[in-house]
Amino acid sequence: MEQKPIIETVELTKKYNGQAAVDNLSFTVHEGEIFGFLGPNGAGKTTTLLMLMGLTEPSSGKARVLGVDPSREPIRVKGMIGYLPENMGFYRDLNAWQTLRYIAELNGLLPGVADERIESALRMVGLIKEAEKKVGAYSRGMRQRLGIAEVLVKEPRVAFLDEPTLGLDPDTTNRMIGLIERLCKEKNMTVLLSSHFLHQVQKICHRVGIMISGQMVAQGHMKELAEEMPETKDGYSLEEIYMKYFREE
Ligand SMILES: Nc1ncnc2c1ncn2[C@@H]1O[C@H](COP(=O)(O)OP(=O)(O)OP(=O)(O)O)[C@@H](O)[C@H]1O
Ligand SMILES: [Mg+2]
């Protein structure tokens, strides 16, 4: 079966004050795939996600999401994707239910459909019992879960998840990872996620890209990356593979 490209970049570059934060980045993510975006702090992961959503303008190069150029049609792209940002901002005075209702309205969902999806999303992230509590009184992990619920309400074809499990407790982390996996399998959702939790990435990502100083120094299936390791052995962990690129620096 031919793989359908959903996210594509060609020599995508972003410069801040003459310095490249993202440097000639070319990669493709196919339909139903979970692509793990790895790299140290400041590598350019978030900047790439922002360009893919039309939230920041590339200095040069091209990007396409579902065939649409995000810098030309940012509103169209934003309408089609789900985004969990690095720092979630919410209206503190709204409760979880009201927050999701607002998101549903913004996305043009009919009230009947919206209510069903909201309830199901709140159950999936385990916030149904806290749905009436004001978000301003939420704990950090609860806010993170609400951010994931926002993505779920939208049921997007593509999700950009910037550190989706940051601040979640171990049990919730496992549930969220399982949920992402399930949505990709059952709904053919495509996911680009950035994370520093290599163990989790290894569990769910079909392919990974390792970014250092704005450049993708390696990308592929775990197996392909393992083949580039200096010694042949079975079962390299993603952490061992990742660390190799730092020894080479
Ligand atoms: N608005 C901005 N103005 C100037 N420089 C910026 C801006 N946003 C990001 N940068 C720079 O671009 C580079 C890449 O940052 P980015 O946030 O994309 O990294 P990251 O890979 O997401 O890191 P982290 O793992 O810490 O989230 C960094 O050097 C950062 O300082
Ligand atoms: Mg980041």
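At what angle do helix H3 (residues 96–106) and helix H4 (residues 111–124) pack, and how far apart are their axes? The two helices pack at an angle of about 130°, with their axes 10 Å apart; axes are lines fitted to C-alpha atoms, for helices over the stretch in contact, and angles run from 0 to 180 degrees between N-to-C directions. H3 is therefore oblique to H4, given that angles under 35 degrees count as roughly parallel, over 145 as roughly antiparallel, 65 to 115 as roughly perpendicular and the rest as oblique.

The model is a predicted one, in which local features need pLDDT of at least 70 and side-chain atom pairs count only at pLDDT 80 or more, whereas totals for chains, interfaces and linings use all residues. Residues are numbered from 1 along each chain as its sequence is written, and chains are lettered from A and ligands numbered from 1 in the order in which they are written. Helices (H or I, at least four residues) and strands (E, at least two) are DSSP runs, numbered from the N terminus.

The crossing of H3 past H4 is right-handed; a crossing is left-handed if the near helix is turned anticlockwise from the far one by less than a right angle, and right-handed if clockwise. On the H3 side, Ala 96, Trp 97, Leu 100, Arg 101 and Ala 104 meet Ala 114, Arg 117, Ile 118, Ala 121 and Leu 122 of H4, two residues being in contact if their C-beta atoms, placed from the backbone, lie within 7 Å. The residues of this contact comprise eight nonpolar, no polar and two charged; Ala, Val, Leu, Ile, Met, Phe, Trp, Tyr, Cys and Pro count as nonpolar, Asp, Glu, Lys and Arg as charged, and the others, Gly among them, as polar.

H4 also packs on helix H5 (residues 140–154), at an angle of about 140° and with the axes 9 Å apart. This angle makes H4 oblique to H5, and the crossing is right-handed. Arg 117, Ile 118, Ala 121, Leu 122 and Met 124 of H4 form the contact with Ala 149, Leu 152 and Val 153 of H5. Seven of these residues are nonpolar, none is polar and one is charged.

H3 and H5 pack together as well, at an angle of about 35° with their axes 10 Å apart, again in a right-handed crossing. Here Ala 96, Thr 99, Leu 100, Ile 103 and Ala 104 of H3 contact Leu 146, Ala 149, Glu 150 and Val 153 of H5. The contact divides into seven nonpolar residues, one polar and one charged.

An open sheet of six strands follows the order E5-E6-E7-E3-E8-E9, with mixed pairing; two strands pair if DSSP finds at least two bridges between them. Strand E5 (81–84) and strand E9 (215–220) stand at the edges with a single partner strand each, so one side of each lacks a neighbour in the sheet. Neighbouring strands are turned by 15° against each other on average, direction ignored. Within this sheet, strand E3 (residues 34–38) runs parallel to strand E8 (residues 207–212), to which four bridges join it, and Phe 37 stands opposite Gly 209 in E8. Helix H9 (residues 238–247) packs on the sheet, touching E3, E8 and E9, and its direction makes about 30° with that of E8.

A further open sheet consists of three strands in the order E2-E1-E4, with antiparallel pairing. Its edge strands, strand E2 (19–30) and strand E4 (60–65), each pair on one side only. Strand E1 (residues 5–16) is joined to E4 by five bridges and runs antiparallel to E4, with Thr 13 opposite Ser 60. Helix H1 lies across E1, E2 and E4, running at about 65° to E2.

Ligand 1 is surrounded by Tyr 16, Ala 21, Gly 39, Asn 41, Gly 42, Ala 43, Gly 44, Lys 45, Thr 46 and Thr 47, a residue being near a molecule or strand if its C-beta atom, placed from the backbone, lies within 6 Å of it. Helix H1 (residues 45–52) gives the most to this shell, with three residues. The shell comprises three nonpolar residues, six polar and one charged.
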